[in-house]
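Student: I have a protein model open and do not know how to read it. Can we go through it feature by feature?

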Amino acid sequence: MPPHVLVPDIAGWRRERMPRTPRTAALTLAPDWVCEVLSPSTRTLDRTAKLPVYAREGVRFVWLVDPDARMLEVFRLEGSHYLLLATHAEQARLRAEPFGALEWELALLWAE
């Protein structure tokens, strides 16, 4: 199977896995967390094409942010598939894996 080159909207690595930011244009180490911002043109790609590749590569957490619906979906990898942990909407104050130590307001994403 040919390698997949995916570029998430936002990605993060645990410091234990990536102590320093490499000075390269591309990385081969799969992130620990990715966030995809859904749009009408990317929504299907993000859900049906990218999620299975992220799961295969061991990306532990995925967030899907839908600005139109003002919603955040939080997924955790369980075996070879993602489990939906929570759906947050509108003005919610939340703690979301893998950043459970931080409480923040979802409305900050929709600020106009």
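Student: What percentage of the 112 residues count as buried?

Tutor: A residue counts as buried when its relative accessible area is under 20%. In this model, which is predicted, 34% of the 112 residues meet that mark.

Student: What is the accessible surface of the protein, and how much of it belongs to carbon and sulfur atoms?

Tutor: The accessible surface comes to about 7,500 Å². Carbon and sulfur atoms account for 57% of that area.

Student: How do I judge the overall size? What radius of gyration does the protein have?

Tutor: Set the value beside the one for a compact globule of 112 residues, which would be near 13 Å. The protein has 14 Å, which agrees. For the extent along the principal axes, take the box that the C-alpha atoms fill: roughly 40 × 30 × 30 Å.

Student: How many helices and strands are there?

Tutor: The protein has 2 helices and 7 strands. Along the sequence their order is β-β-α-β-β-β-β-β-α.

Student: How do I read contacts against the sequence? What share join residues at least 24 apart?

Tutor: Take the contacts between residues at least 6 apart in sequence. Of these, 40% join residues at least 24 apart.

Student: Let us look at one strand. Why is strand β4 described as largely enclosed?

Tutor: Count its buried residues. Strand β4 covers residues 71–78, and 6 of its 8 residues are buried, so the rest of the structure largely encloses it.

Student: Which way do β3 and β4 run, and how many bridges join them?

Tutor: Strand β3, residues 61–66, runs antiparallel to β4, and 6 bridges join the two. One pair to find on screen is Val 65 with its bridge partner Leu 72 in β4. The hairpin of these strands has 4 residues between them, and in it Arg 70 takes a positive phi near 55°.

Student: How many bridges join β4 to strand β5?

Tutor: There are 8 bridges between β4 and β5, residues 81–89, and these strands also run antiparallel. Phe 75 stands opposite Leu 84 in β5. Glu 73 has Thr 87 in β5 as its bridge partner.

Student: Which residue takes a positive phi in the hairpin of β4 and β5?

Tutor: Gly 79 does, with a phi near 70°. This hairpin has 2 residues between its strands.

Student: Last, the charges. How far apart are the mean positions of the positive and negative charges?

Tutor: The protein has 14 positive and 15 negative charges. Their mean positions lie 8 Å apart.

Note on methods:
Residues numbered from 1 in each chain as written. Predicted model: local features only at pLDDT ≥ 70, side-chain atom pairs only at ≥ 80, totals over all residues. Heavy atoms only, no water. Rg over C-alpha atoms; globule rule 2.2 N^0.38 Å. Buried < 20%, exposed > 50% of the residue type's maximum accessible area, 1.4 Å probe, protein only. Contact = heavy atoms within 4.5 Å. Areas by Shrake-Rupley, 256 points an atom, 1.4 Å probe, with all protein chains shown as cover. Lys, Arg positive; Asp, Glu negative; His and termini not counted. Charge placed at Lys NZ, Arg CZ, Asp CG, Glu CD. Pairing = 2+ DSSP bridges.
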